[in-house]
Amino acid sequence: MAALDLKHQTIAVLPGTSNMESHLSFQLAKKDLSIVMGSQDPAKAQQLADQISKETASNSMKGVSNAEAAIASNIIIWCPAVTYKSLPPNLLLDS
């Protein structure tokens, strides 16, 4: 089985602004992967994405709402803290 080529994927981290998720985003950014950090507060997500971009010299980070991050990505890393109400209904299995 061939390894998944993450260089050509966009990875959403939902939500992306807590300590654990921002650390994960930082580690992925160091690999120069395309990361979209989601948050209920898009401004906070963008501020953190800018900080991580500066620290890792990554040009592939952005912060947006949880819904925008989910829609804009090929791969979603969904952390349990995210609320169902912040995602588009068509992405939820039980909707």
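In this predicted model, helix α2 lies across β2 and β3, and its direction makes an angle of about 170° with that of β3. This packing is a handy place to begin, and the rest of the fold can be read outward from it.

The chain contains three helices and four strands. Followed from the N terminus, these elements come in the order β-α-β-α-β-α-β. The four strands form an open sheet with parallel pairing, arranged as β3-β2-β1-β4. The edge positions are taken by β3 (61-65) and β4 (75-78); each has a single partner strand, so one side of each is left without a neighbour in the sheet. From one strand to the next, the twist averages 25°. Within the sheet, β1 and β2 run parallel and are joined by four bridges. One residue pair to look for here is A12 and V36, the latter being the bridge partner of A12 in β2.

Turning to the interior, the largest nonpolar core has eleven residues: I11, V13, L28, A29, L33, I35, M37, L48, A49, I52 and M61. Two or more residues each are supplied by β1 (10-14), α1 (19-30), β2 (34-39) and α2 (42-56). Of these elements, α2 makes the largest contribution, with three residues. A separate core of six residues lies apart from this one, and includes A12, V64, A69 and A70. A12 thus turns up twice in this description, as a member of the six-residue core and as the bridge partner of V36.

Helix α2 also holds S53, a residue worth a closer look. Is S53 buried or exposed? With a relative accessible area of 14%, S53 counts as buried, because the cut-off for that class is under 20%. When neighbours within four places in sequence are set aside, S53 is in contact with S58 and M61. The second of these partners, M61, belongs to the eleven-residue core.

Some totals for the chain round off the picture. Of its 95 residues, 42% are buried. Contacts between residues at least 6 apart in sequence were also sorted by separation, and 62% of them join residues at least 24 apart. The accessible surface of the chain comes to about 5900 Å², and carbon and sulfur atoms account for 56% of that area.

Notes: Residues are numbered from 1 along each chain as its sequence is written. This is a predicted model: local features need pLDDT of at least 70, side-chain atom pairs count only at pLDDT 80 or more; totals for chains, interfaces and linings use all residues. Side-chain values use heavy atoms; hydrogens and water are left out. A nonpolar core is a set of buried Ala, Val, Leu, Ile, Met, Phe, Trp, Tyr and Cys residues joined through side-chain atoms within 4.5 Å. Buried means under 20% relative accessible area, exposed over 50%, partly exposed in between (1.4 Å probe, protein chains only). Contact means heavy atoms within 4.5 Å. Two strands pair if DSSP finds at least two bridges between them. Axes are lines fitted to C-alpha atoms, for helices over the stretch in contact, and angles run from 0 to 180 degrees between N-to-C directions. Accessible areas come from the Shrake-Rupley method with a 1.4 Å probe; for residues, only the protein chains shown count as cover.
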